[in-house]
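Hi,

Here is the structure I promised to pass on. Have a look at it first, and my notes on cavities and cysteines follow below.

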Amino acid sequence: MVRITPKHVLLIKCVIHLVALSYLIVHYYWAFTDNLGADPVKAIIHFTGMGSINLLLITLCVSPVAKKYRQANLMKTRRLLGLYTAFYALCHISNYLFFDLQFDWGNLLQDIIKRPYITVGFLSFVILVALSITSPSAIQRAMKRTWQKLHNYVYLSLVLGITHYLWSLKTLTTEPLIYLLMSCFLLYLRKDKITLFKRRVT
Amino acid sequence: MFKEQSIGKVLTENDVTDENIFLNRRKMLKRMGFVGAGSLLATSQNANAISLFGKKKESFVTAPVAHTKNTEYQITETLTPESKVTTYNNFYEFGTSKSDPAENAQSLTVNPWEVKITGAVEKSFTLSYDDLYNMFDIEERIYRFRCVEAWSMVIPWLGFPLYKLIKKAKPLSKAKYVAFKTLYRPSEMPGQKSRFVGGGIDYPYVEGLRMDEAMHPLTLMSVGVYGKTLPPQNGAPIRLVVPWKYGFKSIKSVVEINFTEKEPPTTWNILAPQEYGFYANVNPAVSHPRWSQASERRITSGGLLTRNRIDTLPFNGYSEVASLYDGMNLRKYY
């Protein structure tokens, strides 16, 4: 088995940057030039939303994979994936505000309060922002044990994000069910952590 | 490309992006080896980039339809380009994504076709494929089309008003409603074959109107769009168009028109009665439980920066139908 070295980590990070950014840039280019289907606004909203969910799922795969294959260095790629998750989510909500609601802030506020699927999506986003802000190593060290507690909220963010996605659909098809299954599986892998968390809360 | 588009001027085929390119793009993406990243690419619908690799696949052939322009129904709003009208469709029989129908409906057989006119009428009869275009004068009407999902288009339909057909059938006095049914043909409609493809709807799709709604001169049986016969994704060969109601009322690929005494069941109402009512009149004052209906985005041309959000009007701007609902609580009968 190949050991993942810091050099490999650098390479993996480059690939993450390249893929995450190029997808985004290409899609925005298509959307701005009206080449993203009949409704580029809806298309770019869906692309960034699904992109964020995909990235979150990949992020949550890192630690189980690293553990199973004893690749401690792999963990060093997780933060970057997490940050791109939050960045895609930021694009998602910005797209909604800028291009769909077209800066109708009042409407956004109303949606967040009145429409449950948007409320849960927004909460999911707030968690991702909090995790991103506290992601630098210096802050992590300063926060000590609170940091891990805060960052366990990523599981809640996943639950809220998937709920937001499923709730936004008119009917259920195969694809959302696959996402639901994948999420359940990734949460199942953390069942000890989650029960521990629950016990501490109650 | 469509900026100069004005009302009444029908686009020529040179004006639009080749449909085949649109229809082919997902297949091309797969061929290019993006399958693994499929979910990231799920919404990518780039026509130009893919056309470099595009190989034409057989698409449905539409034909020009002889028609006259009905001057009463020519509005001055910018038309939605034909390429968008024919690639952005809700037709769950062919899949739930907006681009699915244009991709999966191309091999639908529309000729021969039969529309049975039946139920509480003096004269039951059946329309053949040729009858659709010849029994009544075909006129062009430009209508606003408002989807319940809060987007809208402006579409030049070809067709004949439903009342002409109803008069021919001579409904009995006990006929109070008109029920419509879409084709049921799982062999050509993947959504009917698999519940997962078709969004869990019990097919065939059914819709209905009250008799006075059906008789209203605005209510159109459409057999074409943009000067040509309907492509399958738009409901070939014949569909209903009720411009003051949300789009799901405008049932596609109709095979049966049945006159009934009681309010007929309607598909979306069966699926989610708290979200979709029988009447489904466009109404900015009554929100969908999950989103506002106060405004809509008009799909024309232009990219992300097009300011296309407009206020939604009661009855989609067709105030002449308001009297049909005098004294009715439209909040209750949504």
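For the linings below, Ala, Val, Leu, Ile, Met, Phe, Trp, Tyr, Cys and Pro count as nonpolar, Asp, Glu, Lys and Arg as charged, and the others, Gly among them, as polar. This is a predicted model, where local features need pLDDT of at least 70, side-chain atom pairs count only at pLDDT 80 or more, and totals for chains, interfaces and linings use all residues. Residues are numbered from 1 along each chain as its sequence is written, chains are lettered from A and ligands numbered from 1 in the order in which they are written, and side-chain values use heavy atoms, without hydrogens and water.

The whole structure has three cavities of 30 Å³ or more. A cavity here is a set of points on a 1 Å grid over the protein atoms alone where a 1.4 Å probe fits but cannot get out, and lining residues have an atom within 4 Å of a point. Points are joined across faces, edges and corners, and the volume is the space filled by probe spheres set on them.

The largest cavity holds about 330 Å³. Its lining has 25 residues, with Phe91(B) and Lys252(B) among those nearest the centre; 15 are nonpolar, six polar and four charged.

The second largest has about 70 Å³. Of its 14 lining residues, Pro40(A) and Lys84(B) are among those nearest the centre, and the split is four nonpolar, six polar and four charged.

As for disulfides (cysteine sulfur pairs within 2.5 Å), there are zero over all chains. The sulfur of Cys61(A) is too far for a bond because the closest one, in Cys184(A), is 14 Å away.

Cheers

Notes
On a 1 Å grid over the protein atoms alone, a cavity is a set of points where a 1.4 Å probe fits but cannot get out, and a pocket is an open set with protein on both sides within 12 Å along at least five of seven lines; lining residues have an atom within 4 Å of a point.
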